[in-house]
Amino acid sequence: MTSLRDHLADRFPAAAGSAPVEWIVADGLTGYEEAVAFMEARAEAIAQGRAPELVWLVEHPPLYTAGTSANDADLVEPDRFPVFKSGRGGQYTYHGPGQRVAYVMLDLSRRQQDLRRYVAALESWLIGALDAFGISGERRDDRVGVWVRRPDRGEGVEDKIAALGIRVRRWVSFHGISLNVNPDLSHFTGIVPCGVRLHGVTSLADLGKQVTMGEVDRVLRERFETIFGPTLRP
């Protein structure tokens, strides 16, 4: 379990003198293949020193993605939504309207070449953002992501509210995190999310937090800067 106080121990700043991280919020819904192509090109440009680091916030149309560890048996309804193979780590996940996806393209050679610490920093970013909305997010040693306890649904019940899946090439990260703001949670039933059968999924709205995507974006940016350093809109 991780508290808000603990999350500051996971700071992942850039080296002194580094440029601020660009922060871009996409309008409308972004196709998955378009997003991957953009990330691939931007990550290469960052590795070559031709572009600054970037956080790109998007929403996708309803779709499923299969990470590098995906189990075919976890795709319960293969014809429900488009399915895309993804180069990120992890298993099956859902993306769709009402879910904020943040694609995080950072040069880890300017920070720390330590993937475990990077994942911990992403989790801490999400935990800090959830705290701003009065939600206690927690990490688990045996499963990646951010979880919330659901005592209203029984002893020991907990749901996943945010997922992580990353890829790193030439020490530049891409892919990133997804936070359930107000998606249609029934869309998750077409897969076994992240291969976890014993726990469910939730969202800010499901937990009684009626907030706009703009409010979520503002908090994500504030908490990102706490962990990773300053940002700049282009």
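I take contact to mean heavy atoms within 4.5 Å. Noting up front that this is a predicted model.

**Trp125.** I looked up who touches tryptophan 125, skipping its neighbours within four places in sequence. The list runs to Trp23, Val55, Ala102, Val104, Ile177, Leu220, Arg223, Phe224, Ile227 and Phe228.

**Cores.** Next I pulled the largest nonpolar core, which has 36 residues. Trp125 is among those with the most contacts inside it, along with Val55, Tyr118, Leu122, Ile161, Phe224 and Phe228. Which elements give two or more residues to this core? I got strands 1 (21-29), 2 (54-59), 6 (99-105), 8 (143-149), 9 (158-169) and 10 (172-180), plus helix 3 (115-132) and helix 4 (213-228). Helix 3 gives the most, with eight residues. Another core, of 18 residues, lies apart from this one; Ala26, Val58, Leu63 and Phe84 are among its members.

**Ser178.** I then went to strand 10 for serine 178. Is serine 178 buried or exposed? Its relative accessibility is 4%, so I count it as buried, the cut-off being under 20%. Beyond its neighbours within four places in sequence, I find serine 178 in contact with His95, Gln99, Arg100, Val101, Ile161, Ala162 and Ala163.

**Small detour to a sheet.** I checked an open sheet of three strands, ordered 4-3-5 with mixed pairing. Strand 4 (83-85) and strand 5 (92-95) are the edges; each has a single partner strand, so one side of each has no neighbour in the sheet. I get an average twist of 25 degrees from one strand to the next. Strand 3 (residues 63-66) runs antiparallel to strand 5, and four bridges join them. For alanine 66, I found tyrosine 92 as the bridge partner in strand 5.

Notes:
Residues are numbered from 1 along each chain as its sequence is written. This is a predicted model: local features need pLDDT of at least 70, side-chain atom pairs count only at pLDDT 80 or more; totals for chains, interfaces and linings use all residues. Side-chain values use heavy atoms; hydrogens and water are left out. A nonpolar core is a set of buried Ala, Val, Leu, Ile, Met, Phe, Trp, Tyr and Cys residues joined through side-chain atoms within 4.5 Å. Buried means under 20% relative accessible area, exposed over 50%, partly exposed in between (1.4 Å probe, protein chains only). Two strands pair if DSSP finds at least two bridges between them. Axes are lines fitted to C-alpha atoms, for helices over the stretch in contact, and angles run from 0 to 180 degrees between N-to-C directions.
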